[in-house]
Amino acid sequence: MNFFTTELGAMLVVIFVGFLPNEVWRVLGVLFGRRIDADSVWMQWVQAVATALLAAVVARLLLVPSGALVTLPLWLRAGAVASGIAGFLIGRRSVLAGVLVAETVLVVGAWWLGVSP
């Protein structure tokens, strides 16, 4: 029996190959991130790029869906996005509130239409 085929071996492989390399970068990010000025031009650029990427992902999910979203009509997907934005604003700019409201609209809308994934 090979060590890597055992359960312990598999867990050690996941820890050494998946967890530890990622954790090194997290620790370095925390150490070096303390010295970064959040109001600098570079950080404003990073925030703008991150916002643009998020907007692109939402637009892609809305206009060119994949997976289970294909079965839902455009008006329901657009309504979920609009309700998510409203939930975000009503919830005092809470991302969690926006996501939960949009997801609820999608699930209830799919149930109401009788669409199954």
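Helices and strands here are DSSP runs, a helix being H or I over at least four residues and a strand being E over at least two, and they are numbered from the N terminus. With that convention, S83 is placed in helix α3, residues 74–90, and I shall return to this serine shortly.

Colleagues, the structure before you is a predicted model, in which local features need pLDDT of at least 70 and side-chain atom pairs count only at pLDDT 80 or more, while totals for chains, interfaces and linings use all residues. Residues are numbered from 1 along each chain as its sequence is written, and side-chain values use heavy atoms, with hydrogens and water left out.

I begin with the overall fold. The protein has 4 helices and 0 strands, in the order α-α-α-α from the N terminus. Its radius of gyration is 21 Å, well over the 13 Å that the globule rule gives for 117 residues, so the protein is more spread out than a compact globule. That radius is taken over C-alpha atoms, and the rule is 2.2 Å times the number of residues to the power 0.38. Along the principal axes, the C-alpha trace spans about 50 × 50 × 25 Å.

What share of the 117 residues is buried? The figure is 14%, where buried means under 20% relative accessible area, exposed means over 50%, and partly exposed lies in between, with a 1.4 Å probe and protein chains only. The accessible surface comes to about 9,400 Å², and 74% of it belongs to carbon and sulfur atoms; such areas come from the Shrake-Rupley method with a 1.4 Å probe, and for residues only the protein chains shown count as cover.

Next, the record. The unreviewed UniProt entry annotates residues 12–33, 45–63, 69–90 and 95–114 as "transmembrane region"; its positions are given in the numbering used here, feature names are shortened, and annotations may be inferred rather than shown by experiment. In the model, residues 12–33 are 100% helix and 0% strand, with end C-alpha atoms 30 Å apart. Residues 95–114 are 95% helix and 0% strand, and there the end C-alpha atoms lie 28 Å apart.

Back to the serine. S83 is buried, at a relative accessible area of 16%. Which residues does S83 contact, leaving aside neighbours within four places in sequence? They are V101, A102 and V105, contact meaning heavy atoms within 4.5 Å.

L113 belongs to helix α4, residues 95–113, and is partly exposed at 35%. Beyond residues up to four places away in sequence, L113 touches P73, W75 and L76. By contact count, residues 24 or more positions apart account for 37% of the protein's contacts with a separation of 6 or more.

Two arginines occupy the loop between α3 and α4, namely R92 and R93. Although R92 is not a glycine, its phi is positive, at about 55°; R93, also a residue other than glycine, has a positive phi near 65°. R92 is exposed at 78% relative accessible area, and R93 is exposed at 61%.

Finally, the surface. I36, W42, M43, W45, V46, V49 and L53 form a nonpolar patch with about 740 Å² of accessible area together. Patch residues have over 30% relative accessible area and no salt bridge; like charges are joined within 9 Å, and nonpolar side chains (Val, Leu, Ile, Met, Phe, Trp, Tyr) within 5 Å. A salt bridge is a side-chain nitrogen of Lys or Arg within 4 Å of a carboxyl oxygen of Asp or Glu. One patch member, L53, sits in helix α2, residues 41–63, and counts as exposed at 54% relative accessibility.
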